[in-house]
Amino acid sequence: MELSPAEVRAEFDRRRWKNVAGYQTRNVPHTAHEYLQRCTLEREDVDGLLIHPVLGRLKKGDYRPEVILEAYQELVKHYYPADRVLLAALSITMRYGGPKAALFLAIVRKNYGCGLYIVGRDQAGVGKYYDPFDCQRIFDRYPIDVVPLKFAETYFCRECGWMATGRTCAHSAEFRLNTSQTRIREALSKGEALPKEIIRPEVARVLARGDVLLAE
Ligand SMILES: [Zn+2]
């Protein structure tokens with residue numbers, strides 16, 4: 001499942017992908033992540049998406065690497081066109097260094113052949129330590145020859161009945177379903193079912209098996 005930079009680039013060539021967007025993750029996919037991936041795939045200047053979960057050393061309370069990979073396999077298999085998405089693992093130690101770590105993770109993806117890189121909210125952050133959008137601003141200060149795709153905070157809006165951000169939806173916070181990992185982990189620990197607006201049923205089934213978080 002892990003491919004070297006040369007192997008990933010060769011696969012891009014085989015698929016005739018010239019402009020590829022990289023997606024960093026250390027989480028199982030929920031619908032807010034999927035929204036960023038889909039918005040990226042809608043772009044005319046994007047040939048394909050590399051979903052590149054970090055499966056090296058993570059921290060206590062993160063998902064087990066095999067759970068992240070299996071959850072993504074389910075999402076890709078059931079929901080994405082096979083010729084537009086490549087899923088590969090990346091075994092590096094995750095550094096929770098906020099903006100600088102986000103920049104580092106983008107440079108790594110550049111080495112794998114990605115010309116674009118998705119930066120959501122609070123990438124590589126820890127707790128409330130970093131401003132959640134500093135990880136986007138740092139790309140303005142250090143041009144690394146990768147186009148950062150910066151997204152606003154994404155949520156499911158009950159009034160819109162869709163995924164949205166403050167850029168696309170008129171409604172206030174009371175209509176937003178909380179799609180945060182904290183909320184998802186809370187529900188998991190209580191054995192609650194998660195609505196499909198937050199997580200795909202195929203992904204929820206992977207999580208429902210239990211023992212999905214790293215104990216240390
Ligand atoms: Zn709305």
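A residue is called exposed when its relative accessible area is over 50% and buried when that area is under 20%, with partly exposed residues in between. These terms are applied below to a predicted model of the chain, beginning with its overall dimensions and continuing with individual helices and loops.

The secondary structure of the chain consists of 7 helices and 8 strands. Its radius of gyration is 17 Å, close to the 17 Å that the globule rule gives for 216 residues, so the chain is as compact as a globular protein of that length. Along the principal axes, the C-alpha atoms fill a box of roughly 45 × 40 × 35 Å. Of the 216 residues, 50% are buried, and, among contacts with a separation of 6 or more, 72% join residues that are 24 or more positions apart. The area exposed by the chain comes to about 11,100 Å², of which carbon and sulfur atoms supply 50%. As for charge, the mean position of the 33 positive charges and that of the 28 negative charges are 3 Å apart.

Helix α5, which spans residues 134-141, has C135, Q136, I138 and F139 as its buried residues. These residues lie on the same side of α5, because the arc that they cover around the axis is only 155°. In general, an α-helix has 3.6 residues a turn, so residues three or four places apart point the same way. On the other side of α5, D140 and R141 are exposed. The cover over the buried residues of the helix includes helix α4 (98-111) together with the strands β4 (116-119) and β5 (147-150).

Two residues of helix α2 were examined individually. E34 lies in this helix, which runs over residues 31-42, and counts as buried because its relative accessibility, 4%, falls below the cut-off of 20%. When residues up to four places away in sequence are not counted, E34 touches L75, Y80 and R200. L36 is also placed in helix α2, and its relative accessible area of 7% is under the 20% limit, so L36 is likewise buried. With residues up to four places away in sequence again left out, the contacts of L36 are with I118, G120, F151 and T154. The C-alpha atoms of L36 and A152 are 9.5 Å apart in space, although 116 residues separate the two in sequence.

Two backbone positions in loops on either side of α5 were also considered. Most residues other than glycine have a negative phi. A124, a residue other than glycine, nevertheless has a positive phi, near 60°, and D145, which is not a glycine either, has a positive phi of about 65°. A124 belongs to the loop between β4 and α5, whereas D145 is found in the loop between α5 and β5. The two residues also fall into opposite classes of accessibility: A124 is buried, because its relative accessible area of 4% is under 20%, while D145 counts as exposed, because its relative accessibility of 67% is over 50%.

Conventions: Residues are numbered from 1 along each chain as its sequence is written. This is a predicted model: local features need pLDDT of at least 70, side-chain atom pairs count only at pLDDT 80 or more; totals for chains, interfaces and linings use all residues. Side-chain values use heavy atoms; hydrogens and water are left out. Helices (H or I, at least four residues) and strands (E, at least two) are DSSP runs, numbered from the N terminus. Buried means under 20% relative accessible area, exposed over 50%, partly exposed in between (1.4 Å probe, protein chains only). Contact means heavy atoms within 4.5 Å. The radius of gyration is taken over C-alpha atoms; the globule rule is 2.2 Å times the number of residues to the power 0.38. Accessible areas come from the Shrake-Rupley method with a 1.4 Å probe; for residues, only the protein chains shown count as cover. Lys and Arg count as positive and Asp and Glu as negative; His and the chain ends are not counted. The place of a charge is taken as NZ of Lys, CZ of Arg, CG of Asp or CD of Glu. The arc is that of the directions from the helix axis to the C-beta atoms.
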